[in-house]
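Thank you all for coming; I would like to take a few minutes to walk through a model that some of you will not have seen before. Please have a look at it while I talk, and stop me if anything is unclear.

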Amino acid sequence: MRKVFVYPLVIAGTAAAGLVATGTAASAHGYVSAPPSRQALCASRAVADCGQIQFEPQSVEGPKGLRSCDGGVAQFAVLNDDSRAWPARAVGSSVTFMWVFTARHRTSNWEYFIGGTRVATVDGGNQQPEAVVSHQIDLAKFPGRRTVLAVWNIGDTANAFYSCVDLNVGGGGTPENPPATTAPPSTPPATRPPATTAPPPANNAGGTWATGTAYKIGDEVTFQGKRFRCRQSHTSLAGWEPSIFTLALWLPV
Amino acid sequence: MRRILFATAAALLLATGCSTAPSPTDPPAQAVPAADTIPAADAEHNAADVMFLQMMIAHDGQGLELTGQAADRSVSEEVKLLAAAIDTTQREEVKIMESWLTGWKEATTASQDMSAHASHGGLPATGPEQVKALRDTSDADFEATFLNLLTGHQNSAVELTNLAGDGVNPQTKDLAKRIKQSRSDQVAQLLRLIGGQS
């Protein structure tokens with residue numbers, strides 16, 4: 001991962017050429033993963049009941065020039081709903097935005113807006129994005145609770161991808177503010193717990209198999225009337241139920 | 001020893017009618033499959049089933065190129081465990097899918113002509129360039145790069161499962177549903193790790 005400021009991304013021509021053949025479909029997709037965008041909060045289930053967007057946070061695509069969080073896509077309108085009390089991540093005055101891609105289209109540029117103001121533009125050089133793209137953006141002039149609209153403008157289509165990121169921009173934050181070490185909001189909304197906190201894996205070992213549980217090698221569970229023993233430590237999830245399809249995780253006993 | 005006793009007891013229960021009779025589709029009395037058991041698929045299938053399985057095998061293979069790197073690098077214990085669990089389940093999944101395709105006398109690899117699949121979302125979602133970029137990433141940036149790459153990769157696996165919608169093989173459809181669930185939940189875990197919320 002290379003931090004990009006204002007200069008164009010550079011990609012070796014040969015590396016880019018290898019991907020052109022697969023990029024012909026309108027399958028360019030991406031979103032801001034950190035600080036978590038609204039669609040990332042839906043996909044991580046930190047915000048519940050988001051609808052279809054939880055399965056495809058990368059799909060908020062609309063014509064260039066929009067200033068809405070949902071890219072004008074009706075089924076993603078929840079992203080525009082400020083009444084959802086999206087949790088705002090506490091950050092310093094300089095924020096590193098990271099992007100996730102499921103397809104790497106040529107990029108015109110990335111733009112960041114607060115309200116109607118364009119805060120920053122990062123040139124994409126009409127190249128394909130690097131493996132991971134991160135942009136460090138100075139938000140010192142915008143302290144407090146803010147919604148940043150991050151836009152990925154595609155180079156060879158008329159479309160863009162939109163991500164809204166809710167922040168609480170702190171005064172005098174450190175210049176570098178890697179998301180992984182960002183402190184939780186010091187004043188979380190009174191009406192709800194910090195919604196970006198994942199539920200801690202429950203210790204349900206020995207009981208009935210359940211999702212969101214940290215199982216260790218040797219733990220035994222019951223699932224659909226059968227006993228299974230864990231052979232690969234993991235935090236359980238839907239689709240990893242003990243069965244003949246997951247013998248790498250669970251063996252019947 | 002314990003396993004044998006349990007199996008015997010289960011078989012006795014079935015034989016004596018003390019438990020619910022197995023449905024006709026259940027496998028007979030082998031209550032304890034071996035670790036290398038591969039579930040069977042019905043013979044009936046169509047081109048959509050084949051394409052989905054071929055593309056999913058390729059996609060899983062690219063994912064393994066990512067998860068394999070986490071084992072040797074400096075990452076948090078939670079990231080290491082998630083990577084290992086994804087690695088081992090996807091290896092198993094590939095074996096199952098290959099076995100079904102082989103049983104149908106179909107190729108296990110997708111067409112080399114990637115453009116033929118481009119209308120279905122492109123192949124692969126993660127290419128050699130990204131795998132190499134991850135390998136070349138410094139220790140300081142490895143975890144964030146790994147998590148973001150794998151998140152996008154599993155996001156696109158969810159997209160791929162749409163291909164199975166036109167299929168007819170019930171086991172393939174069931175697998176697609178399982179992949180959509182598991183990849184969505186993995187993305188949830190990955191995004192929480194990216195956000196430093198674990």
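Let me begin with a question about a strand pair: which residue in β7(A) does A:Phe113 stand opposite? Before answering, I should say that this is a predicted model, and everything that follows should be heard with that in mind. The partner is A:Arg118, which stands opposite A:Phe113.

That pair belongs to β6(A) and β7(A), the latter spanning residues 117-127, and these two strands run antiparallel and are joined by 7 bridges. They form a hairpin with 2 residues between the strands, and there A:Gly115 takes a positive phi near 60 degrees. Strand β6, residues 107-114 of chain A, is also joined by 7 bridges to strand β9, residues 144-154 of chain A, and this pairing is antiparallel. Within β9(A), the residue opposite A:Asn109 is A:Asn153.

Turning to chain B, we find 6 helices and 0 strands. Of its 198 residues, 46% are buried, and among its contacts with a separation of 6 or more, 76% are between residues 24 or more positions apart.

I will end with helix α6 of chain B, residues 170-194, whose 25 residues reach 36 Å from the first C-alpha to the last, close to the 36 Å expected at 1.5 Å a residue. This helix, α6(B), is mostly covered, with 18 of its 25 residues buried, and after α6(B) comes B:Gly196, which has a positive phi, near 65 degrees.

Key: Residues numbered from 1 in each chain as written. Chains lettered and ligands numbered in written order. Predicted model: local features only at pLDDT ≥ 70, side-chain atom pairs only at ≥ 80, totals over all residues. Helix = DSSP H or I, 4+ residues; strand = E, 2+ residues; numbered from the N terminus. Buried ≥ 20, exposed ≤ 12 C-beta atoms within 10 Å, placed from the backbone. Contact = placed C-beta atoms within 7 Å. Pairing = 2+ DSSP bridges. Expected span 1.5 Å × (residues − 1).
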